[in-house]
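Biologist: Let us go through the aromatic pairs and the nonpolar core. Keep the answers short.

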Amino acid sequence: MELLERIKEITGSDFISDLVHYRWITFYQFHRINEININDYSLKEWNEAAQYISHENKKFDNSRDARDYICTVLCMRRVA
């Protein structure tokens, strides 16, 4: 399963595109995303997911930072 597809399922989104505009995550969903093994996906895929979800041209040197950034972006939408 691709990373964005997995995040879509964790968040209960209907479509991957929901992650871009409409989806924020609960505390439980945050932990489920944060528990994804960073070695299950390449750094390239983590970076692509971070860029897609945030609409920013971010590039990380390691998968952990990219995963943390994805969680942060999705959490910030909750308070916005």
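Modeller: Buried means under 20% relative accessible area, exposed over 50%, and partly exposed in between (1.4 Å probe, protein chains only). This is a predicted model: local features need pLDDT of at least 70, side-chain atom pairs count only at pLDDT 80 or more, and totals for chains, interfaces and linings use all residues. Residues are numbered from 1 along each chain as its sequence is written, and side-chain values use heavy atoms, with hydrogens and water left out.

Biologist: How is the aromatic pair of Tyr 41 and Trp 46 classed?

Modeller: Rings of Phe, Tyr and Trp (its six-membered ring) pair if their centres lie within 6.5 Å; planes under 30 degrees apart count as stacked, over 60 as edge-to-face and the rest as tilted. For Tyr 41 and Trp 46 the centres are 6.0 Å apart and the planes stand at 90 degrees. The pair is therefore edge-to-face.

Biologist: Is Phe 60 buried or exposed?

Modeller: Phe 60 pairs with Tyr 69 in a tilted arrangement, at 5.2 Å and 45 degrees. The relative accessible area of Phe 60 is 16%, so Phe 60 is buried.

Biologist: Which helix gives the most residues to the largest nonpolar core?

Modeller: A nonpolar core is a set of buried Ala, Val, Leu, Ile, Met, Phe, Trp, Tyr and Cys residues joined through side-chain atoms within 4.5 Å. The largest has 21 residues. Helix 1 (3–11), helix 4 (43–54) and helix 5 (63–79) each give two or more, taking helices as DSSP runs (H or I, at least four residues) numbered from the N terminus. The top contributor, with 6 residues, is helix 5.
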